[in-house]
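The exercises below ask you to read a chain from its overall build down to the surroundings of its ligands. Work each one through with the structure in view before turning to the solution.

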Amino acid sequence: MRLFQILFIAFVFFNFAVMPTQAKDMVIKEPPKSLSKYYPPVSKQPKWIQQMHKMSGHFGGVFLNLKEKDFENVDKHADKLVEEYKKTSEMVPEWEEYFDIKAAEEFATAAKTHDIVKAGKASGGLGKTCGKCHAENEVSVWAKFHWPSFHKIKVTDPVSEKEVEFDEYMGIISSSFKGVTVNFGESQYGRAAKALKTFKSRFMELKSTCSKCHTGHDVKRFYVGKDADNAFAGLSQELNSDKPNPGKFWKNIGMLGKTGCKHCHLVHRTNSFIQEMWEQPE
Ligand code: HEC
Ligand code: HEC
Ligand code: HEC
(Lines give C-alpha, C1' and ligand atoms only; values in the text may rest on other atoms or scores of the structure.)
(Ligands and ions follow the chains in the order given, each with its own letter.)
Protein backbone atom coordinates (compact mmCIF):
# COMPACT_ATOMS: atom_id res chain seq x y z
CA MET A 1 0.00 0.00 0.00
CA ARG A 2 2.71 2.42 0.98
CA LEU A 3 4.64 1.65 -2.18
CA PHE A 4 1.63 2.50 -4.31
CA GLN A 5 1.19 5.70 -2.39
CA ILE A 6 4.75 6.69 -3.05
CA LEU A 7 4.48 5.79 -6.71
CA PHE A 8 1.27 7.76 -7.00
CA ILE A 9 2.78 10.81 -5.38
CA ALA A 10 5.86 10.46 -7.55
CA PHE A 11 3.66 10.20 -10.62
CA VAL A 12 1.67 13.31 -9.76
CA PHE A 13 4.79 15.22 -8.88
CA PHE A 14 6.44 14.16 -12.09
CA ASN A 15 3.54 15.36 -14.18
CA PHE A 16 3.05 18.66 -12.45
CA ALA A 17 6.62 19.57 -11.77
CA VAL A 18 8.53 18.18 -14.70
CA MET A 19 6.23 18.58 -17.66
CA PRO A 20 5.82 22.36 -17.61
CA THR A 21 9.54 23.00 -17.24
CA GLN A 22 10.28 20.60 -20.05
CA ALA A 23 8.09 22.63 -22.36
CA LYS A 24 10.36 25.60 -21.72
CA ASP A 25 13.65 23.78 -22.10
CA MET A 26 15.87 25.24 -24.73
CA VAL A 27 17.80 22.95 -27.00
CA ILE A 28 20.82 24.44 -28.72
CA LYS A 29 21.23 22.20 -31.70
CA GLU A 30 24.02 22.72 -34.20
CA PRO A 31 22.56 24.45 -37.27
CA PRO A 32 22.08 22.22 -40.34
CA LYS A 33 25.12 21.79 -42.57
CA SER A 34 23.40 23.27 -45.61
CA LEU A 35 23.01 26.64 -43.86
CA SER A 36 26.79 27.15 -44.07
CA LYS A 37 26.44 27.84 -47.80
CA TYR A 38 24.81 31.16 -46.94
CA TYR A 39 27.45 32.41 -44.52
CA PRO A 40 31.09 33.37 -44.69
CA PRO A 41 33.55 31.85 -45.35
CA VAL A 42 31.63 29.70 -47.90
CA SER A 43 29.54 32.62 -49.18
CA LYS A 44 31.09 36.06 -49.33
CA GLN A 45 27.82 37.69 -48.33
CA PRO A 46 25.69 36.56 -45.37
CA LYS A 47 22.95 35.51 -47.79
CA TRP A 48 20.63 34.01 -45.18
CA ILE A 49 20.47 37.29 -43.26
CA GLN A 50 19.94 39.23 -46.49
CA GLN A 51 17.00 36.96 -47.26
CA MET A 52 15.55 37.68 -43.81
CA HIS A 53 15.81 41.40 -44.43
CA LYS A 54 13.97 41.01 -47.73
CA MET A 55 11.05 39.17 -46.10
CA SER A 56 10.96 41.51 -43.17
CA GLY A 57 11.02 44.55 -45.49
CA HIS A 58 8.08 43.30 -47.55
CA PHE A 59 6.16 42.21 -44.46
CA GLY A 60 6.57 45.66 -42.93
CA GLY A 61 6.05 47.29 -46.33
CA VAL A 62 2.53 45.87 -46.55
CA PHE A 63 1.46 47.55 -43.30
CA LEU A 64 3.32 50.78 -43.93
CA ASN A 65 1.56 51.22 -47.27
CA LEU A 66 -1.81 50.15 -45.89
CA LYS A 67 -1.52 53.01 -43.43
CA GLU A 68 -0.51 55.39 -46.21
CA LYS A 69 -3.34 54.05 -48.42
CA ASP A 70 -0.75 53.45 -51.13
CA PHE A 71 -2.50 50.33 -52.36
CA GLU A 72 -0.41 49.78 -55.44
CA ASN A 73 2.62 49.26 -53.24
CA VAL A 74 0.62 47.14 -50.77
CA ASP A 75 -0.02 44.67 -53.58
CA LYS A 76 3.60 44.73 -54.73
CA HIS A 77 4.96 44.01 -51.26
CA ALA A 78 2.38 41.28 -50.65
CA ASP A 79 3.39 39.46 -53.85
CA LYS A 80 7.08 39.93 -53.20
CA LEU A 81 6.70 38.60 -49.66
CA VAL A 82 5.15 35.35 -50.93
CA GLU A 83 7.86 35.07 -53.58
CA GLU A 84 10.73 35.59 -51.13
CA TYR A 85 9.10 33.36 -48.51
CA LYS A 86 8.87 30.51 -51.05
CA LYS A 87 12.47 31.11 -52.09
CA THR A 88 13.63 31.01 -48.47
CA SER A 89 11.73 27.77 -47.84
CA GLU A 90 13.87 26.07 -50.48
CA MET A 91 17.23 27.24 -49.17
CA VAL A 92 17.72 24.86 -46.25
CA PRO A 93 16.04 21.47 -46.82
CA GLU A 94 16.34 20.56 -43.11
CA TRP A 95 14.22 23.60 -42.25
CA GLU A 96 11.46 23.16 -44.83
CA GLU A 97 8.91 22.19 -42.16
CA TYR A 98 9.06 25.63 -40.56
CA PHE A 99 7.46 27.22 -43.60
CA ASP A 100 3.74 27.41 -44.32
CA ILE A 101 3.29 28.65 -47.87
CA LYS A 102 -0.49 28.61 -47.49
CA ALA A 103 -0.26 31.02 -44.54
CA ALA A 104 1.87 33.37 -46.67
CA GLU A 105 -0.61 33.24 -49.54
CA GLU A 106 -3.56 33.80 -47.22
CA PHE A 107 -1.82 36.83 -45.81
CA ALA A 108 -1.19 38.22 -49.30
CA THR A 109 -4.85 37.71 -50.22
CA ALA A 110 -6.00 39.48 -47.05
CA ALA A 111 -3.53 42.35 -47.65
CA LYS A 112 -4.90 42.82 -51.15
CA THR A 113 -8.40 43.48 -49.79
CA HIS A 114 -6.71 46.67 -48.51
CA ASP A 115 -8.51 46.20 -45.21
CA ILE A 116 -5.89 46.70 -42.51
CA VAL A 117 -7.89 44.76 -39.91
CA LYS A 118 -8.16 41.73 -42.16
CA ALA A 119 -4.45 41.97 -43.02
CA GLY A 120 -3.57 42.23 -39.34
CA LYS A 121 -5.57 39.12 -38.50
CA ALA A 122 -4.09 37.10 -41.37
CA SER A 123 -0.55 38.12 -40.47
CA GLY A 124 -0.67 36.09 -37.25
CA GLY A 125 -0.40 32.71 -38.94
CA LEU A 126 2.54 33.77 -41.07
CA GLY A 127 4.27 35.62 -38.25
CA LYS A 128 4.14 32.51 -36.09
CA THR A 129 6.19 30.57 -38.62
CA CYS A 130 8.91 33.23 -38.44
CA GLY A 131 8.81 33.29 -34.64
CA LYS A 132 8.99 29.52 -34.17
CA CYS A 133 12.13 29.20 -36.26
CA HIS A 134 13.75 32.21 -34.58
CA ALA A 135 13.05 30.86 -31.09
CA GLU A 136 14.54 27.49 -31.95
CA ASN A 137 17.53 28.51 -34.06
CA GLU A 138 18.74 32.06 -33.60
CA VAL A 139 20.96 31.37 -30.60
CA SER A 140 22.72 28.45 -32.26
CA VAL A 141 23.15 30.36 -35.52
CA TRP A 142 24.77 33.22 -33.61
CA ALA A 143 27.07 30.86 -31.74
CA LYS A 144 28.06 29.11 -34.96
CA PHE A 145 28.36 31.95 -37.46
CA HIS A 146 28.76 35.15 -35.46
CA TRP A 147 31.06 34.20 -32.61
CA PRO A 148 34.73 33.79 -33.37
CA SER A 149 36.27 30.71 -31.78
CA PHE A 150 38.78 30.74 -28.95
CA HIS A 151 39.73 27.21 -29.93
CA LYS A 152 41.90 28.46 -32.76
CA ILE A 153 43.82 30.89 -30.59
CA LYS A 154 47.27 30.13 -29.24
CA VAL A 155 49.15 31.94 -26.49
CA THR A 156 52.88 32.03 -25.84
CA ASP A 157 53.45 31.41 -22.15
CA PRO A 158 55.93 34.13 -21.02
CA VAL A 159 57.36 31.77 -18.38
CA SER A 160 58.03 28.60 -20.37
CA GLU A 161 58.07 30.48 -23.71
CA LYS A 162 56.02 27.62 -25.14
CA GLU A 163 53.05 28.19 -27.40
CA VAL A 164 49.90 26.54 -26.06
CA GLU A 165 46.20 26.34 -26.91
CA PHE A 166 44.03 28.99 -25.29
CA ASP A 167 42.14 26.60 -23.00
CA GLU A 168 45.40 24.98 -21.89
CA TYR A 169 46.71 28.45 -21.09
CA MET A 170 43.63 29.03 -18.92
CA GLY A 171 44.56 25.93 -16.94
CA ILE A 172 48.10 27.27 -16.50
CA ILE A 173 46.79 30.66 -15.35
CA SER A 174 44.47 28.97 -12.94
CA SER A 175 47.32 27.02 -11.29
CA SER A 176 49.46 30.16 -11.09
CA PHE A 177 46.59 31.92 -9.33
CA LYS A 178 46.40 29.09 -6.80
CA GLY A 179 50.16 29.34 -6.25
CA VAL A 180 49.48 32.78 -4.80
CA THR A 181 46.39 32.02 -2.73
CA VAL A 182 47.41 28.59 -1.37
CA ASN A 183 50.83 29.83 -0.24
CA PHE A 184 49.27 32.85 1.40
CA GLY A 185 46.83 30.58 3.25
CA GLU A 186 49.86 28.69 4.56
CA SER A 187 51.51 31.96 5.65
CA GLN A 188 54.36 31.28 3.20
CA TYR A 189 54.56 34.90 2.10
CA GLY A 190 57.90 34.65 0.29
CA ARG A 191 56.61 31.86 -1.93
CA ALA A 192 53.35 33.69 -2.48
CA ALA A 193 55.26 36.82 -3.57
CA LYS A 194 57.27 34.78 -6.08
CA ALA A 195 54.13 33.07 -7.39
CA LEU A 196 52.49 36.47 -7.76
CA LYS A 197 55.19 37.61 -10.20
CA THR A 198 54.66 34.54 -12.38
CA PHE A 199 50.92 34.88 -12.20
CA LYS A 200 51.00 38.56 -13.09
CA SER A 201 53.14 38.07 -16.17
CA ARG A 202 50.91 35.23 -17.34
CA PHE A 203 47.75 37.18 -16.69
CA MET A 204 48.93 40.32 -18.48
CA GLU A 205 50.04 38.19 -21.45
CA LEU A 206 46.31 37.72 -22.15
CA LYS A 207 46.44 41.23 -23.64
CA SER A 208 48.10 39.70 -26.68
CA THR A 209 44.94 37.69 -27.44
CA CYS A 210 42.45 40.57 -27.60
CA SER A 211 43.60 41.79 -30.99
CA LYS A 212 42.86 38.37 -32.55
CA CYS A 213 39.21 39.44 -32.48
CA HIS A 214 39.06 43.13 -31.51
CA THR A 215 40.36 45.89 -33.72
CA GLY A 216 40.17 48.71 -31.15
CA HIS A 217 42.57 48.88 -28.21
CA ASP A 218 39.84 50.34 -26.06
CA VAL A 219 38.61 46.91 -24.92
CA LYS A 220 41.87 46.37 -23.05
CA ARG A 221 40.57 48.73 -20.39
CA PHE A 222 38.54 45.72 -19.28
CA TYR A 223 39.75 42.57 -17.45
CA VAL A 224 43.43 43.26 -18.21
CA GLY A 225 43.35 47.02 -17.58
CA LYS A 226 43.65 49.42 -14.67
CA ASP A 227 41.57 47.40 -12.19
CA ALA A 228 43.90 44.44 -12.66
CA ASP A 229 46.99 46.67 -12.40
CA ASN A 230 45.73 48.13 -9.12
CA ALA A 231 44.89 44.72 -7.69
CA PHE A 232 48.36 43.38 -8.57
CA ALA A 233 50.01 46.44 -7.02
CA GLY A 234 47.96 46.02 -3.84
CA LEU A 235 48.84 42.33 -3.61
CA SER A 236 52.51 42.98 -4.16
CA GLN A 237 52.50 45.63 -1.44
CA GLU A 238 50.92 43.27 1.09
CA LEU A 239 53.19 40.33 0.28
CA ASN A 240 56.32 42.46 0.58
CA SER A 241 55.34 44.08 3.86
CA ASP A 242 56.56 42.78 7.24
CA LYS A 243 53.07 41.79 8.35
CA PRO A 244 50.75 41.17 5.41
CA ASN A 245 47.15 42.16 6.08
CA PRO A 246 44.84 39.26 5.16
CA GLY A 247 41.83 41.57 4.72
CA LYS A 248 43.61 43.66 2.11
CA PHE A 249 45.13 40.60 0.44
CA TRP A 250 41.82 38.78 -0.05
CA LYS A 251 40.07 41.94 -1.16
CA ASN A 252 42.51 42.31 -4.05
CA ILE A 253 42.32 38.61 -4.86
CA GLY A 254 38.52 38.91 -5.02
CA MET A 255 38.86 41.94 -7.26
CA LEU A 256 41.10 40.07 -9.71
CA GLY A 257 38.91 37.00 -9.70
CA LYS A 258 35.85 39.10 -10.42
CA THR A 259 36.88 41.88 -12.79
CA GLY A 260 39.74 39.87 -14.28
CA CYS A 261 38.51 36.29 -14.69
CA LYS A 262 34.77 36.23 -14.09
CA HIS A 263 33.77 39.26 -16.11
CA CYS A 264 35.72 38.05 -19.12
CA HIS A 265 34.15 34.61 -18.75
CA LEU A 266 30.65 36.08 -18.60
CA VAL A 267 31.19 37.86 -21.91
CA HIS A 268 33.30 35.34 -23.81
CA ARG A 269 32.84 31.87 -22.42
CA THR A 270 29.16 31.08 -23.01
CA ASN A 271 29.60 30.72 -26.72
CA SER A 272 32.77 28.73 -26.22
CA PHE A 273 30.77 26.20 -24.18
CA ILE A 274 28.30 25.84 -27.04
CA GLN A 275 30.93 25.63 -29.76
CA GLU A 276 32.88 23.06 -27.77
CA MET A 277 29.87 20.71 -27.72
CA TRP A 278 29.66 20.79 -31.47
CA GLU A 279 33.38 20.25 -31.94
CA GLN A 280 33.41 16.98 -29.99
CA PRO A 281 33.80 13.93 -32.21
CA GLU A 282 30.53 11.97 -32.56
C1 HEC B 1 39.96 36.81 -22.55
C2 HEC B 1 39.14 36.77 -21.39
C3 HEC B 1 39.49 35.80 -20.29
C4 HEC B 1 40.17 36.12 -19.13
C5 HEC B 1 40.75 37.46 -18.72
C6 HEC B 1 40.22 34.90 -18.35
N7 HEC B 1 39.60 33.88 -19.04
FE8 HEC B 1 39.48 31.93 -18.43
N9 HEC B 1 38.51 31.45 -20.16
C10 HEC B 1 38.18 32.32 -21.17
C11 HEC B 1 37.53 31.59 -22.24
C12 HEC B 1 37.00 32.18 -23.52
C13 HEC B 1 37.49 30.24 -21.84
C14 HEC B 1 36.95 29.06 -22.67
C15 HEC B 1 38.08 28.56 -23.52
C16 HEC B 1 37.73 27.47 -24.46
O17 HEC B 1 36.54 27.14 -24.61
O18 HEC B 1 38.66 26.93 -25.09
C19 HEC B 1 38.11 30.18 -20.52
C20 HEC B 1 38.28 29.01 -19.78
C21 HEC B 1 38.81 28.94 -18.53
C22 HEC B 1 38.99 27.71 -17.77
C23 HEC B 1 38.60 26.32 -18.25
C24 HEC B 1 39.76 25.77 -19.05
C25 HEC B 1 39.43 24.53 -19.80
O26 HEC B 1 40.29 23.66 -19.89
O27 HEC B 1 38.33 24.46 -20.37
C28 HEC B 1 39.58 28.05 -16.58
C29 HEC B 1 39.96 27.12 -15.45
C30 HEC B 1 39.79 29.49 -16.61
N31 HEC B 1 39.32 29.99 -17.79
C32 HEC B 1 40.36 30.21 -15.57
C33 HEC B 1 40.62 31.58 -15.61
C34 HEC B 1 41.19 32.33 -14.50
C35 HEC B 1 41.55 31.75 -13.14
C36 HEC B 1 41.29 33.62 -14.94
C37 HEC B 1 41.77 34.82 -14.17
C38 HEC B 1 42.99 34.72 -13.43
C39 HEC B 1 40.81 33.67 -16.31
N40 HEC B 1 40.41 32.42 -16.66
C41 HEC B 1 40.81 34.82 -17.08
C42 HEC B 1 38.43 33.68 -21.18
C43 HEC B 1 39.13 34.39 -20.22
C1 HEC C 1 13.54 28.39 -41.01
C2 HEC C 1 13.94 29.37 -40.05
C3 HEC C 1 13.48 30.79 -40.19
C4 HEC C 1 12.28 31.27 -40.64
C5 HEC C 1 11.05 30.49 -41.10
C6 HEC C 1 12.36 32.70 -40.57
N7 HEC C 1 13.58 33.09 -40.09
FE8 HEC C 1 14.20 35.00 -39.80
N9 HEC C 1 15.96 34.31 -39.01
C10 HEC C 1 16.33 32.99 -38.94
C11 HEC C 1 17.64 32.90 -38.36
C12 HEC C 1 18.43 31.62 -38.12
C13 HEC C 1 18.03 34.21 -38.07
C14 HEC C 1 19.37 34.67 -37.46
C15 HEC C 1 20.31 34.97 -38.59
C16 HEC C 1 21.62 35.55 -38.14
O17 HEC C 1 21.64 36.42 -37.26
O18 HEC C 1 22.66 35.15 -38.71
C19 HEC C 1 16.96 35.08 -38.51
C20 HEC C 1 16.98 36.47 -38.40
C21 HEC C 1 15.97 37.29 -38.83
C22 HEC C 1 16.02 38.73 -38.75
C23 HEC C 1 17.13 39.55 -38.13
C24 HEC C 1 18.20 39.79 -39.12
C25 HEC C 1 19.38 40.54 -38.52
O26 HEC C 1 19.97 41.37 -39.21
O27 HEC C 1 19.72 40.29 -37.35
C28 HEC C 1 14.83 39.20 -39.28
C29 HEC C 1 14.42 40.65 -39.42
C30 HEC C 1 14.06 38.04 -39.70
N31 HEC C 1 14.79 36.90 -39.41
C32 HEC C 1 12.81 38.11 -40.29
C33 HEC C 1 12.03 37.00 -40.60
C34 HEC C 1 10.67 37.06 -41.06
C35 HEC C 1 9.87 38.33 -41.27
C36 HEC C 1 10.24 35.77 -41.23
C37 HEC C 1 8.91 35.25 -41.66
C38 HEC C 1 8.24 35.89 -42.76
C39 HEC C 1 11.38 34.92 -40.89
N40 HEC C 1 12.43 35.69 -40.49
C41 HEC C 1 11.33 33.54 -40.94
C42 HEC C 1 15.58 31.90 -39.32
C43 HEC C 1 14.29 31.95 -39.84
C1 HEC D 1 37.98 34.80 -29.96
C2 HEC D 1 37.65 36.19 -30.12
C3 HEC D 1 37.80 37.13 -28.94
C4 HEC D 1 38.91 37.34 -28.15
C5 HEC D 1 40.25 36.64 -28.21
C6 HEC D 1 38.56 38.41 -27.23
N7 HEC D 1 37.27 38.83 -27.47
FE8 HEC D 1 36.29 40.30 -26.49
N9 HEC D 1 34.60 39.93 -27.57
C10 HEC D 1 34.54 39.08 -28.67
C11 HEC D 1 33.24 39.24 -29.32
C12 HEC D 1 32.78 38.50 -30.55
C13 HEC D 1 32.52 40.21 -28.57
C14 HEC D 1 31.10 40.72 -28.86
C15 HEC D 1 31.11 42.13 -29.36
C16 HEC D 1 32.21 42.47 -30.30
O17 HEC D 1 32.36 41.80 -31.34
O18 HEC D 1 32.97 43.40 -29.98
C19 HEC D 1 33.41 40.62 -27.49
C20 HEC D 1 33.09 41.57 -26.54
C21 HEC D 1 33.98 42.15 -25.66
C22 HEC D 1 33.68 43.24 -24.76
C23 HEC D 1 32.30 43.88 -24.60
C24 HEC D 1 32.29 45.27 -25.15
C25 HEC D 1 32.62 45.35 -26.60
O26 HEC D 1 33.55 46.10 -26.95
O27 HEC D 1 31.99 44.67 -27.41
C28 HEC D 1 34.82 43.55 -24.10
C29 HEC D 1 35.04 44.64 -23.07
C30 HEC D 1 35.84 42.63 -24.57
N31 HEC D 1 35.29 41.79 -25.50
C32 HEC D 1 37.16 42.65 -24.12
C33 HEC D 1 38.12 41.74 -24.52
C34 HEC D 1 39.48 41.74 -24.00
C35 HEC D 1 40.03 42.74 -23.00
C36 HEC D 1 40.12 40.70 -24.61
C37 HEC D 1 41.54 40.26 -24.39
C38 HEC D 1 41.96 40.04 -23.03
C39 HEC D 1 39.16 40.04 -25.49
N40 HEC D 1 37.98 40.72 -25.42
C41 HEC D 1 39.42 38.93 -26.27
C42 HEC D 1 35.52 38.21 -29.08
C43 HEC D 1 36.77 38.09 -28.51
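**Exercise 1.** Which domains does the domain assignment of the chain give?

*Solution.* The model is a predicted one, and the assignment divides its chain into domain 1, covering 33-146, and domain 2, covering 150-279. As a next step, consider how the two are placed: the C-alpha centres of domain 1 and domain 2 are 47 Å apart.

**Exercise 2.** Describe the overall dimensions of the chain, and set its radius of gyration against that of a compact globule.

*Solution.* Begin with the extent of the C-alpha trace, which along its principal axes spans about 85 × 70 × 40 Å. Then take the radius of gyration, which is 28 Å for the chain, whereas a compact globule of 282 residues would have one near 19 Å. Turn next to burial, where a residue counts as buried if 20 or more other C-beta atoms lie within 10 Å of its own; by this criterion, buried residues amount to 18% of the 282 residues in the chain. Finally, among the contacts with a separation of 6 or more, 53% join residues that are 24 or more positions apart.

**Exercise 3.** How many helices and strands does the chain have, and what pattern do they follow along the sequence?

*Solution.* Counting by type gives 10 helices and 2 strands. Reading along the sequence then gives the order α-α-α-α-α-β-β-α-α-α-α-α.

**Exercise 4.** Characterise the shell around ligand 2 by its nearest residues, its helices and its residue classes.

*Solution.* First, ligand 2 has 20 residues around it, of which Met52, Ser56, Tyr98, Cys130 and Cys133 come nearest. Second, helix H2 (47-68) and helix H5 (116-146) each contribute at least two residues to this shell, and H5 gives the most, with 10 residues. Third, sorting the shell by class yields 15 nonpolar, 4 polar and 1 charged.

**Exercise 5.** Repeat the analysis for ligand 3: which residues are closest, and which helix gives the most to the shell?

*Solution.* The surroundings of ligand 3 consist of 18 residues, and the closest are Pro148, Cys210, Cys213, Val219 and Phe222. Helix H8 (207-210) and helix H10 (246-279) each supply at least two residues of the shell, with H8 giving the most, namely 3 residues. The division by class is 12 nonpolar, 3 polar and 3 charged residues, which may be set beside the 15 nonpolar, 4 polar and 1 charged found around ligand 2.

Note on methods: Residues are numbered from 1 along each chain as its sequence is written. Chains are lettered from A and ligands numbered from 1 in the order in which they are written. This is a predicted model: local features need pLDDT of at least 70, side-chain atom pairs count only at pLDDT 80 or more; totals for chains, interfaces and linings use all residues. A residue is near a molecule or strand if its C-beta atom, placed from the backbone, lies within 6 Å of it. Helices (H or I, at least four residues) and strands (E, at least two) are DSSP runs, numbered from the N terminus. Ala, Val, Leu, Ile, Met, Phe, Trp, Tyr, Cys and Pro count as nonpolar, Asp, Glu, Lys and Arg as charged, and the others, Gly among them, as polar. Domain bounds come from an automatic or database domain assignment. The radius of gyration is taken over C-alpha atoms; the globule rule is 2.2 Å times the number of residues to the power 0.38. A residue is buried if 20 or more other C-beta atoms lie within 10 Å of its own, exposed if 12 or fewer, and partly exposed in between; C-beta atoms are placed from the backbone. Two residues are in contact if their C-beta atoms, placed from the backbone, lie within 7 Å.
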